[in-house]
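Colleague: I would like a close look at one part of this model, followed by its surroundings. Please keep the account plain.

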Amino acid sequence: MGAREYYDYRRAIYGDITHKAILVDAAGTLLAPTEPMAQVYRTIGQKYGVEYSEDEILMRYRRAYAQPWGRSRLRYVNDGRPFWQHIVSSSTGCSDLQYFEEVYQYYTTEKAWHLCDPDAGRVFQALRRAGVKTAVVSNFDTRLRPLLQALKCDQWFDAVAVSAEVAAEKPNPTIFLKACELLGVKPEETVHIGDDRRNDVWGARDAGCDAWLWGSDVYSFKEVAERIGVEV
């Protein structure tokens, strides 16, 4: 079935607005780091004796992040400190707890993040006026809610399903099903938007949701809204 046939099919079932709810990934879709991670780790770490270059830090970070996390079934449990402490020390070679806390707290502030789409607020207001429900679905620790508040975008969403609270991480369908439950919609009435093909697209589809890849299928939230039939 081609794209046009698919949208005609959904409109025949659901009407002019093809989805009752939109789920949105956080990091990489809704928001992104203001500065490269390796730059932050090195800049803060210089006063703690970190000597690795940014390229070395990035290489070590990727290697550490790719390794299985053996302490628990989930990476992000509650505030995620044990996992992130392991990542920071593995990336920089510095195990100083004060250094870790400075890095950890930095990523709790609005200074560390920016919205990927500057028009997002206007779009989510239009979605709400149209009766479309919205939720954030994210593999994140418990810093996510205060971070959304700091960025003044928490009020855009009807619900937040964060892995540290749901006890399930994408691509596990459980976290998508929880978001649908919180919104009071069925998975087949929902489309999820995220930047990771495995975690976001495949995970959402396994849960029965529609899914579009951010940066490939769609490039802005205005495009998302218009694709489901909401004018912005």
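In which loop is Pro171 found?

Modeller: The model is a predicted one. Pro171 is found in the loop between α8, residues 163-166, and α9, residues 173-183. The peptide bond that leads into Pro171 from Lys170 is cis, and its omega is near 15 degrees.

A second backbone feature sits in another loop. Lys152 has a phi near 60 degrees, which is a positive value in a residue other than glycine. The loop that holds Lys152 runs between α7 (144-150) and β5 (159-162).

These loops belong to a protein chain with 11 helices and seven strands. Along the principal axes, the C-alpha atoms of the chain fill a box of roughly 60 × 35 × 30 Å. The radius of gyration of the chain is 19 Å, which agrees with the value near 17 Å that a compact globule would have with 232 residues.

Among the helices, α2 and α3 can be described as a pair. Two packed helices are described by the angle between their axes and by the distance between those axes. For α2 (residues 37-45) and α3 (residues 54-66), the angle is about 115 degrees and the axes are 9 Å apart. The crossing of α2 past α3 is right-handed. On the α2 side, the contact is made by Met37, Ala38, Gln39, Tyr41 and Arg42, which meet Glu54, Ile57, Leu58 and Tyr61 of α3. By class, the residues of this contact divide into six nonpolar, one polar and two charged.

Tyr61 of α3 also leads to the largest pocket, where Tyr61 is one of the residues closest to the centre. Empty space of this kind is shown by rolling a probe the size of a water molecule over the atoms. The largest pocket holds about 850 Å³ of space. Its lining has 30 residues, and those closest to the centre are Ala27, Tyr61, Tyr65, Tyr76 and Trp84. At least two lining residues come from each of α2, α3, α4 (81-92), α5 (97-106) and α10 (197-206). The helices α2 and α3 that pack against each other therefore both supply residues to this lining, at least two each. Sorted by class, the lining has 16 nonpolar, four polar and 10 charged residues.

Notes: Residues are numbered from 1 along each chain as its sequence is written. This is a predicted model: local features need pLDDT of at least 70, side-chain atom pairs count only at pLDDT 80 or more; totals for chains, interfaces and linings use all residues. Side-chain values use heavy atoms; hydrogens and water are left out. Axes are lines fitted to C-alpha atoms, for helices over the stretch in contact, and angles run from 0 to 180 degrees between N-to-C directions. Helices (H or I, at least four residues) and strands (E, at least two) are DSSP runs, numbered from the N terminus. A crossing is left-handed if the near helix is turned anticlockwise from the far one by less than a right angle, and right-handed if clockwise. Contact means heavy atoms within 4.5 Å. Ala, Val, Leu, Ile, Met, Phe, Trp, Tyr, Cys and Pro count as nonpolar, Asp, Glu, Lys and Arg as charged, and the others, Gly among them, as polar. On a 1 Å grid over the protein atoms alone, a cavity is a set of points where a 1.4 Å probe fits but cannot get out, and a pocket is an open set with protein on both sides within 12 Å along at least five of seven lines; lining residues have an atom within 4 Å of a point. Grid points are joined across faces, edges and corners, and a volume is the space filled by probe spheres set on the points. The radius of gyration is taken over C-alpha atoms; the globule rule is 2.2 Å times the number of residues to the power 0.38.
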